[in-house]
Amino acid sequence: MNVGSIKRRGSDPGSVASGFLARLGAWAVVELLCFALVAAVATWPLVRHLDTHLPLGTESAATVPLFTAWTVWWNADRAAHGYRDYWDAPIFAPTSGTFAFSEPMPATVVVAPLVWLTGNPILAHNCFLLAALTLNGWTTFQLLRSLRMQWLVCLLGGGLVEMLPLVHSELGVLQLVPLCGIVWTIHALYLFGQRPGVRSSLLLAAAFAATYLTCAYYGLFLSLVLLPAAPWLLGTQLRRARTWSLVAGSAGVALLLVAPVVTAQVRIIRAHDLRRDPDWVTRLAASPQDYTVAPWPALFEPDFAAARRAQRYFHLSPGWWKIGLALVGVFAGLWWRRYRRWTAFCLTLLGAAFLLSLGPRLAWGGWSPYVLLMDWYPGMAQARNAYRFAVFVQLAVALLAAVGLQSLCRQVRVSSRHLRSSFSPNRGWHSLFTGLPKSRSPLLRGAFVAGIGLLAAAEVHPPPQNLFAVPRADARHDWIAWLRTETPADSVIAWIPFPAGTGVKDYEETALWMLWGTRHQRRMVNGYSGFFPTSFLETKAALQDFPDAASVQRLRNLGVTYCVLRRAAQTPDTALETQFELVFKDESARMDVYRVRP
């Protein structure tokens, strides 16, 4: 008998491996779909208006969402042109390097095809946001799987991170939504600590670079909080010279990957002397009381926390259920040898981020370590919002809460009587996690843990998302089309009126004009960003009495060739007729285009 004829089907190692990979891929798709569903529900009704509305989060105006949508467009536009003149964005003309005045977010190029195919940066912005939320959960799931936690705990842990209150309160600030780069970096660091090598060091470099290119704020802050926390994951590997050489190599590769962005940022920052005032940074730093208050009412929220919501400017609490689970995770993690170093890492990350979030408020005898960092740590002098370190606090709480869920999954309390008999001061706190019997029913145990985890994830559930309906450019097609077809490509435009105030709300119309500028693609002297160049502030002051002689001369000095005036803002003035030539009127949009007379 032919031996080959009696071989069982599927016994070939190649087919077994391919089948395993297929099942693994199928599960990955299921996991991604679960987190995508959470993202859709948490941002509802955004999925119904992906191409027409922008989410505001807790923003009081649409200025920042409009600006970040414009940023997504600029990244796509420059990618299509080989990144030529990438840093010279068409705002604040004639100032150069204006794209470095705020978050460039070059990683948003991943949604550039949507911009190229549809011409709609709103759609690309929202798809990037939903993908970021989905990956926040999925990358956390993968991290917890590497820590050998149970599948249910990994799923719930991913949900905890995806639903972090601070992220959802900042949905209007696109660059603050993606935590996946941070989680990926921590995951890569853990893998490197388990087995240092060239491959794991390159993975670590790529993860950190992805974090920085997605959000420079997060990349900068992550580099700080990992300094005290990383040794816990590296452990005894730090005794080896090879580990240090691999760490240095990883840092070098990461710097090479971000060098095109960082070198330009440093050059432009120095050219314009961009630096935050420590007093202003202090105003935007957290205080310990902020960590007791969540952005929205939470399940089983203490009365004192609810009473403080109206009193605190920042609402940084991750939720009391998460905090409670994190405390369980701390006790369990420090007792279990497997999770001891991981728990110490999370605690150190949490502590460092908490102290840094206090900014210059943390001081002794007039000396502040944060101000010292502003003076000596590259990039910190340009960071305005110290409270954003709180995202690392909330992330660490969620990761510790996952350890707490793992402990509950292993040891579920079945009765309070057994709990009292299992614990005594003589045995210590660890008896809470070693003296409890395991549930005889895996289904019951899973349902119990799932219930606790879902409550923790949804306890600070955001209300239905507040959306801003972006006025369609089609309704303003006439004057936009005229600018695009009837003006030279090197024309410089001034949009009138200039904002009178300094608040974010005052620049909402400016941000909308920037978004409309994606259609006609002409440079403008207006603009909005994290920093404002001195020339713009001077122009803004000069144009408050437009169209007087000083304002007109200022426009001529800047090389402005056309002014676009919102008719409702115009007042009868003979200077308009003498200094400007009316060249186009859009009756439907009530916008007029004037040519500046020589």
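What follows walks through the fold of this chain, from its overall make-up to a few helix contacts and some local backbone details. The model is a predicted one.

To start with the broad picture, the chain runs to 598 residues, and 53% of them count as buried. Its secondary structure comes to 24 helices and seven strands. Looking at contacts with a separation of 6 or more, 75% are between residues 24 or more positions apart. The largest nonpolar core takes in 175 residues, and Trp-342, Phe-345 and Trp-479 have the most contacts inside it. Helix α16, spanning residues 390-410, supplies the largest share of this core with 16 residues.

Phe-345 makes a handy link from the core to the helix packing. Leaving out residues up to four places away in sequence, Phe-345 touches Ile-186, Leu-189, Leu-226, Ala-229, Ala-230, Trp-232 and Leu-233. Several of these names come back in the pairing of helix α7 (residues 180-194) with helix α9 (residues 216-234): Ile-186 and Leu-189 of α7 take part in that contact, as do Leu-226, Ala-230 and Leu-233 of α9.

As for the geometry of that pair, the axes of α7 and α9 come within 11 Å and cross at roughly 25°. With angles under 35 degrees counting as roughly parallel, α7 is therefore roughly parallel to α9. The crossing of α7 past α9 is right-handed. On the α7 side, the contact also includes Ile-182, Thr-185, Tyr-190, Phe-192 and Gly-193, while α9 adds Tyr-218, Leu-222 and Leu-234. Sorted by class, the α7 and α9 contact holds 11 nonpolar and two polar residues, and no charged ones.

Helix α7 also packs against helix α8 (residues 198-214), here with an angle of about 165° and axes 8 Å apart. Angles over 145 degrees count as roughly antiparallel, so α7 and α8 are roughly antiparallel to each other. The crossing of α7 past α8 is left-handed. From α7, the residues involved are Gly-181, Ile-182, Trp-184, Thr-185, Ala-188, Leu-189, Leu-191 and Phe-192. Across from them in α8 sit Ser-200, Ser-201, Leu-203, Leu-204, Ala-206, Ala-207, Phe-208, Ala-210 and Thr-211. This contact of α7 with α8 has 12 nonpolar residues and five polar ones, again with no charged residues.

Away from these helices, Phe-92 turns up in the loop between α2 (63-80) and α3 (112-118). Its relative accessible area is 1%, so Phe-92 is buried. The backbone at Phe-92 has a phi near 55°, a positive value in a residue other than glycine. In sequence Phe-92 and Gly-527 are 435 residues apart, yet their C-alpha atoms are 5.5 Å apart in space. Not counting residues up to four places away in sequence, Phe-92 touches Thr-98 and Phe-101, along with Met-524, Val-525, Asn-526, Gly-527, Tyr-528, Ser-529, Phe-531, Phe-532, Pro-533 and Phe-536.

The loop between α2 and α3 also holds Pro-94. The peptide bond leading into Pro-94 from Ala-93 is cis, with omega near 5°. Another cis peptide bond joins Phe-546 and Pro-547, this one with omega about 10°. Pro-547 lies in the loop between α22 (534-542) and α23 (549-557).

A positive phi also shows up at Asp-273, where the value is near 50°, again in a residue other than glycine. Asp-273 is in the loop between α10 (241-272) and α11 (278-283). With a relative accessible area of 65%, Asp-273 is exposed, whereas Phe-92 is buried.

Another long-range pairing involves strand β2 (residues 467-469), which contains Leu-467. Residues under 20% relative accessible area count as buried, so Leu-467, at 19%, is buried. Leu-467 and Ala-62 are 405 residues apart in sequence and 8.9 Å apart in space, C-alpha to C-alpha. Setting aside neighbours within four places in sequence, Leu-467 is in contact with Pro-45, Leu-46, His-49, His-53, Leu-54 and Pro-55.

Key. Residues numbered from 1 in each chain as written. Predicted model: local features only at pLDDT ≥ 70, side-chain atom pairs only at ≥ 80, totals over all residues. Heavy atoms only, no water. Axes fitted to C-alpha atoms, helices over the stretch in contact; angles between N-to-C directions. Helix = DSSP H or I, 4+ residues; strand = E, 2+ residues; numbered from the N terminus. Parallel < 35°, antiparallel > 145°, perpendicular 65-115°, else oblique. Left-handed = near helix turned anticlockwise from the far one by under 90°. Contact = heavy atoms within 4.5 Å. Nonpolar A, V, L, I, M, F, W, Y, C, P; charged D, E, K, R; others polar. Core = buried A, V, L, I, M, F, W, Y, C linked by side-chain atoms within 4.5 Å. Buried < 20%, exposed > 50% of the residue type's maximum accessible area, 1.4 Å probe, protein only.
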